[in-house]
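Visitor: I should like to go through this structure with you, one question at a time. Please give the reasoning before each result.

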Amino acid sequence: MDYSISAQDAQRLHALRVIGREEIRPAGLRADRAGEPLPVGDAFFTRMLAAGFGRTRWRPEGQAGSHPVIAPNKGSTAVAQVLLAEEGAYWDRGIGVAMPGPGLGEPPILSMGTPEQKARFLGPFVNPAQPIWGAFAMTEPSGGSDVANIKTRARREGDVWILDGAKSFSGNSGRAEWIVVFATVDPALGRAGHRAFAVERGTPGLGGFRIEKKMGLKAYESTSFFLTGCRVPAANLLGGEAYYAQRAGFKGAMDTFNAGRPAIAGMAVGIGRAALDEAARFMQEDGLWADARLRDRWERCRRKLKAALLLALRAAWLADRKQPNMVEASASKAMAAPAAFEATSLAMEALGLAGGRGDHQIEKLFRDVKAMDIVEGTGQIQRIVMARKLVGLPHG
Ligand SMILES: Cc1cc2nc3c(=O)[nH]c(=O)nc-3n(C[C@H](O)[C@H](O)[C@H](O)COP(=O)(O)OP(=O)(O)OC[C@H]3O[C@@H](n4cnc5c(N)ncnc54)[C@H](O)[C@@H]3O)c2cc1C
C-alpha cells in the first residue's frame, strides 16, 4: 500500500497547516467562548473564501482538469482527504464544518444528481462571489441510527413533490442555499422507498429553523427544521425518477457514509493529536514528564491514534481503488473515536485543576471530541455493521 499524496495535495496540506495556526484555531476558540456559531457575515468566512475554501470539487462538463480544484480542504484522492481532515481537525473541527461550501450535501449530488442538477446546485460553488453553504439532512427527531426507517414523507402532485416531516441536527441548514433532504414515498418499502431532494432556501413549507445547543463544536450551527406541505419542484428530485426505478435510493446516502467514515476517523485523530500536543506542552512546563506513568499513558495514546489513522488510510486507499471498504471504513471510525477520547481525557487529567476551570484549549477539545463517536454512524452502529458483514449477513 502506498499512502503518498500528489504534490498538489501536499501543497494543500501545507496551506491548511499555515491557515490552521493563524486563522482556524483562533476562530474556533472565539466561537467556543461566545457559545454560538460564527455568524454568516463574519469576516473570517470572507477571508477563507479568498484563501480558496468554500468551493466544490465538481467542474462543468468539458472543463474537468482545466480549472483545478483549489479548495485547500479538498484532496484529489480519498487518502489525501483523510490527511486533510486530520490536519483541519487538529486546528479546529468545528470550523472545518462551519466553512462555507456545499458540505455534506456535495457527495449525494455528485453520486446521484443528473448533469443538469450538478450544474444547478454545485455550479454556484465553483467560484462564489461570497460565502455560501449547502447542507445534508437525514437525521430525524425520532432517531438517526435507523436510517432505513426515516419518517419524512414525500408524495408527488403533478410537477411538485410534497414533503412532510422534521429533520434534526443538520449542519449549516439554516444558512444553506439548498439542503439535501431524504424522505420516503412509502415506509413499508424500506430503503427502496427513499428519495433525495435538493430543497432550496425559501421553498414554501420549509421552515421552523432552530439552532440546537451543543456541548462542543460550537463554531457551526446544527439546526432542526420542519417540512410542512413543502412544495419541491419535481426537477429537484436527485437523479430523477429513472434513478429510483433501479431501486438505488438508499445507495446515495450510504455512498456518502462510506466515503465519509475514514475522513471522520481522521478528524477524531486530529483532535486527539491536538490534545496530546497541548498536554505535552503543559506536562513539560509543569515537570510532569518526570512521571513515568503519565509518560507511558501519553505514548500509548499516541500509538493508538497512529494505528487508527493507518486504518483510515487503508480504508481510503481501498476507496481510491473502488474496492469494497465497508469493514475498514467502519473499523477506522470505531477505533479512532475512542482513541481520541482517551487522548483528550489524559490531557484533561494532566491539566488537573486548570482543566476544571473551563477556559483551556484542552477542555474545549474534550467537549469537541464526543461528536466524533456520534456523527455519520455511532460507534455501536459501526460495530453492528462490521459484525454483520463479517458473518455474511446483509447490511441490515
Ligand atoms: C454534532 C453533530 C452534527 C450532526 N450533523 C448532522 C448532519 O449534518 N446531518 C444529519 O442528517 N445528521 C447529523 N447529525 C445527526 C447524527 O447523524 C445522529 O446523531 C446519529 O446518526 C445518531 O442518531 P441519534 O443521535 O438520533 O441517536 P439514536 O439513533 O437515537 O441512538 C441513540 C443511542 O442508541 C444507540 N443505538 C441505536 N440503535 C442501536 C442498535 N441497533 N444497537 C445498539 N445500539 C444502538 C446509538 O448508538 C446511540 O448511542 C449530527 C449529530 C451531531 C451530534
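Visitor: Which residue stands opposite Ala183 in S5?

Guide: The model discussed here is predicted. Strand S4 (residues 176-184) and S5 run antiparallel and are joined by 7 bridges. Across this pairing, the residue in S5 that stands opposite Ala183 is Arg195.

Visitor: Is strand S5 largely enclosed by the rest of the structure or not, and how many of its residues are buried?

Guide: A residue counts as buried when its relative accessible area is under 20%. Strand S5 spans residues 194-200, and it is largely enclosed by the rest of the structure because the buried residues number 6 of the 7.

Visitor: What is the bridge partner of Arg155 in S3?

Guide: Strand S2 (residues 153-157) pairs with S3 over 5 bridges, in the antiparallel sense. The hairpin of these two strands has 2 residues between them, and there Gly158 takes a positive phi near 60°. Within S3, the bridge partner of Arg155 is Ile162.

Visitor: Which residues of S7 stand opposite Gly165 and Ala166?

Guide: S3 is joined to strand S7 (residues 222-233) by 9 bridges, and the two run antiparallel. Opposite Gly165 in S7 is Leu227. Opposite Ala166 in S7 is Phe226.

Visitor: Strand S6 is also joined to S7; which residue there stands opposite Ile211?

Guide: Strand S6 covers residues 206-211 and runs antiparallel to S7, with 4 bridges between them. The residue of S7 opposite Ile211 is Thr223.

Visitor: What is the phi of Phe169, and is this residue buried or partly exposed?

Guide: Most residues other than glycine have a negative phi. Phe169, in strand S3, has a positive phi near 60°. Its relative accessibility is 46%, so Phe169 counts as partly exposed.

Visitor: Asn172 also has a positive phi; where does this residue lie, and what is its relative accessible area?

Guide: The phi of Asn172 is about 70°, although the residue is not a glycine. Asn172 is found in the loop between S3 and S4. It is buried because its relative accessible area is 4%.

Visitor: Which backbone oxygen does the side chain of Arg175 reach, and at what distance?

Guide: Arg175 is located in the loop between S3 and S4. With a relative accessibility of 8%, Arg175 counts as buried. Its side chain reaches a backbone oxygen at 3.0 Å, that of Leu38.

Visitor: With which side chain does Glu278 make a polar contact?

Guide: Glu278 is in helix H7 (residues 249-285). At 13% relative accessibility, this residue counts as buried. Its side chain makes a polar contact, at 3.5 Å, with the side chain of Arg25.

Visitor: Turning to the ligand, how many residues surround it, and how many of the shell are charged?

Guide: The ligand is surrounded by 19 residues, the closest being Thr139, Gly144, Ser145, Phe169 and Thr378. By class, 10 residues of the shell are nonpolar and 8 are polar, while the charged residues number 1.

Visitor: Which residues have a polar backbone atom 2.8 Å and 2.6 Å from an oxygen atom of the ligand?

Guide: On the nitrogen side, a backbone N or O atom of Phe136 is 3.0 Å from a nitrogen atom of the ligand. For a ligand oxygen atom, the 2.8 Å distance is to a polar backbone atom of Met138. The 2.6 Å distance from a ligand oxygen atom is to a polar backbone atom of Gly144.

Visitor: What share of the ligand's accessible area does the protein cover, and which elements give two or more residues to the shell?

Guide: On its own, the ligand has 970 Å² of accessible area, of which the protein covers 64%. The elements that give two or more residues to the shell are strand S1 (133-137), strand S3 (160-171) and helix H12 (379-390).

Visitor: Why does the ligand lie between the domains, and how far apart are the C-alpha centres of domain 1 and domain 2?

Guide: The protein chain is divided into domain 1 (133-248) and domain 2 (250-390). Both domains give residues to the shell around the ligand, so the ligand lies between them. The distance between the C-alpha centres of domain 1 and domain 2 is 29 Å.

Methods:
Residues numbered from 1 in each chain as written. Predicted model: local features only at pLDDT ≥ 70, side-chain atom pairs only at ≥ 80, totals over all residues. Heavy atoms only, no water. Near = heavy atom within 4 Å. Polar contact = N/O pair within 3.5 Å; in protein donor to acceptor, adjacent residues only side chain to side chain. Areas by Shrake-Rupley, 256 points an atom, 1.4 Å probe, with all protein chains shown as cover. Nonpolar A, V, L, I, M, F, W, Y, C, P; charged D, E, K, R; others polar. Domains from an automatic or database assignment. Buried < 20%, exposed > 50% of the residue type's maximum accessible area, 1.4 Å probe, protein only. Pairing = 2+ DSSP bridges.
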